[in-house]
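Student: Please take one part of this model and look at it closely. Then tell me how other parts compare in the same terms.

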Amino acid sequence: MAAPRTLPRLDADNRFFWTGGAEGQLRLMRCQDCKTFIHPPRPVCRKCLSEHVLPEAVAGTGVIDTYTVNYQKWHPALEVPFVIARVAIDGAPGVYLTTNIVGCAVDQVDVGDRVRVKFEQQGDVYLPLFEKIG
Amino acid sequence: MMSTSEAYISGVGQSQVGIKLTRSPLLLTVDAIREALDEAGLTLGQIDGVSTYPGRVAAMPGFSPIGADELIDALGIRATWYAGGGEITSQLGAVVGAAAAVRTGQARHVICYRTVYEAAALARPEEYPVQRRERVDGNSQWFAPFNALSAATWTAQYAMRHVKRYGLTREQLAQIALTGRANAAVNPRALVREPLSMDEYLSARMISTPLCLYDCDRFTDASTVLIVSSGDALDEVACKPIRIAAMAGTVERLSWDQAEWMACYATGADLWKRTDYKPEDVDTAQLYDGFSFQAIAWLEALGFCGVGEGGKFIEGGQRIARVGELPLNTFGGQIGAGRLHGFGFAHEAVTQLRGNGGARQIQGDPRLAVCTSGGGPLATALLLARD
Ligand SMILES: [Zn+2]
């Protein structure tokens, strides 16, 4: 059973990110002029102010930059423990995603582990969770 | 003509500090204001400015129940300048704003306050209803869907980097809580008055690794007040004024996970660029410890030790004890004294510099103190001097 989650409200800026999983794609906003990735996504480049920005699919792999094993039941329905991690996204320098590492025991997670996206669909949202590679 | 006088802290005050208090948050604020006015020898009629963080937050009424404009109206203050908002460099940013106001002649005496009522609000949902969100937006959307629901889980990830990169141990991390609780035991207003042992710490349940129960502050009901006075108005002040010798603040990437590093590191470096004082001149440090690791990061950020050396710096606890070379969080910090939310650190810095610490007063003749707030993408540091 999927963990209870509070889902994001989709809007013009974030819809591509939260629905990319329908096509199996992790998508990030990118400036088409200076090639900077813009996350959180916005309709303007934070480096060069270009408005020529478009979502681009990235490989969907990354490296665990840091993590924590959460034991606190912040609400009664929460199943603990689980891993919250900050994943550095391959091919998108400077972009990190906060996510959950799934598919392994919580004590099998470490900084530097290579991970791949695994989407979890809840309604119209595809949450980019990650699992260890190999 | 613009005044360029210095800014000082005159009176400081604090209400009762507790859990599930029934006295209203406005009256707690008034209690703290009365105490601060008494110490400063000022009357309400001399107050012409008000500053707070984060102003009234309607969606989270216990988090910040009293807005600046409500306080001004309730007390009949004639304000020529006021501000209340959360979009500043953390809680003590309200003091930075007030200092800027008096230095540019916008006001002479500014009440700065932080009132928290989260424990009472949680206990009385009929008065303070919890607002349920069907969906999240803004910054929350990058955390809540992954059940990263508390700043504890965000701070824990910063702490874990120190564990992995620099070998920070639980025994080292424990010294923030142990020191705070030892100091809280001799602070009559502290929320928790019993000391904490290393065994108790090490056997506590985990909240979010490496942070255990005792690494986290908890909801508290209290109000803390500092009056910022212009150097041009010190002849009206009865207490020994404490000069704001330097101020610094930073906002990193607001989304905690996009920041390369905590904002305190830039703030700490900036603070020393704005003064001739050096870290070794500091007699006591009052450093934000909503989560224990934040105080370690601040020790590094302010140059008391190198980056990554914070764990070793506090090992054993002697150095940061009340009788140590750098007494830390002598009132108990937020972990011991309660979640006063940033303002407690400035209140204690002033108290120590005036020699008013009572049983917790540090030795010697302290003349310089640093106090901070913020622990993620926001940070503020104040250097306070008794001339
Ligand atoms: Zn660009």
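**A covered helix and its surroundings**

Tutor: Start with what lies over helix α6 of chain B. The elements covering its buried residues include α7 (198–202), β7 (211–212), α9 (292–301), α10 (310–314) and α11 (333–337), and these belong to chain B. Keep in mind that this is a predicted model.

Now the helix. α6(B) runs over residues 170–184, which makes 15 residues. From its first C-alpha to its last it reaches 21 Å. That is close to the 21 Å expected at 1.5 Å a residue. Even so, α6(B) has a kink of about 25°. The kink is centred on I176(B), and I176(B) is among the buried residues of the helix.

How many residues of α6(B) are buried? The count is 12 of the 15, so the helix is largely enclosed by the rest of the structure. A residue counts as buried here because its relative accessible area is under 20%. The list begins with Q172(B), L173(B), A174(B) and Q175(B). After I176(B) come A177(B), L178(B), T179(B), G180(B) and R181(B). N183(B) and A184(B) complete it. Note that charged and polar names sit in that list too, including R181(B), N183(B) and Q172(B).

For comparison, take α12 of chain B, residues 343–353. This helix is mostly covered, with 11 of its 11 residues buried. Among them are F343(B), F345(B), H347(B), E348(B) and Q352(B). Just past α12(B), G355(B) adopts a positive phi of about 75°.

Accessibility is also worth reading at the zinc site, in chain A. Four cysteine SG atoms coordinate the zinc ion: those of C31(A), C34(A), C45(A) and C48(A), at 2.3 to 2.4 Å. Their spacing in sequence is C-x2-C-x10-C-x2-C. The arrangement is tetrahedral because the angles subtended by the 4 donor atoms are 103 to 116°. For reference, the ideal angle for four tetrahedral donors is 109.5 degrees.

Which of these cysteines are buried, and which partly exposed? C31(A) is buried at 0% relative accessibility. C45(A) is buried as well, at 1%. C34(A) is partly exposed at 33%, and C48(A) is partly exposed at 36%.

One last check concerns cysteine pairing. A search of the whole structure finds 0 disulfides over all chains.

Notes
Residues are numbered from 1 along each chain as its sequence is written. Chains are lettered from A and ligands numbered from 1 in the order in which they are written. This is a predicted model: local features need pLDDT of at least 70, side-chain atom pairs count only at pLDDT 80 or more; totals for chains, interfaces and linings use all residues. Side-chain values use heavy atoms; hydrogens and water are left out. Donors are N, O and S atoms within 2.8 Å of the metal (3.2 Å for Na, K and Ca); water is not among the atoms, so sites may look incomplete. Four donors count as tetrahedral if all angles lie between 85 and 135 degrees; four count as square planar and six as octahedral if opposite donors are over 155 degrees apart and all others between 65 and 115; anything else is irregular. Buried means under 20% relative accessible area, exposed over 50%, partly exposed in between (1.4 Å probe, protein chains only). Helices (H or I, at least four residues) and strands (E, at least two) are DSSP runs, numbered from the N terminus. The expected span of a helix is 1.5 Å times one less than its number of residues. The bend at a residue is the angle between axes fitted to the seven residues ending there and the seven starting there. Contact means heavy atoms within 4.5 Å. A disulfide is a pair of cysteine sulfur atoms within 2.5 Å.
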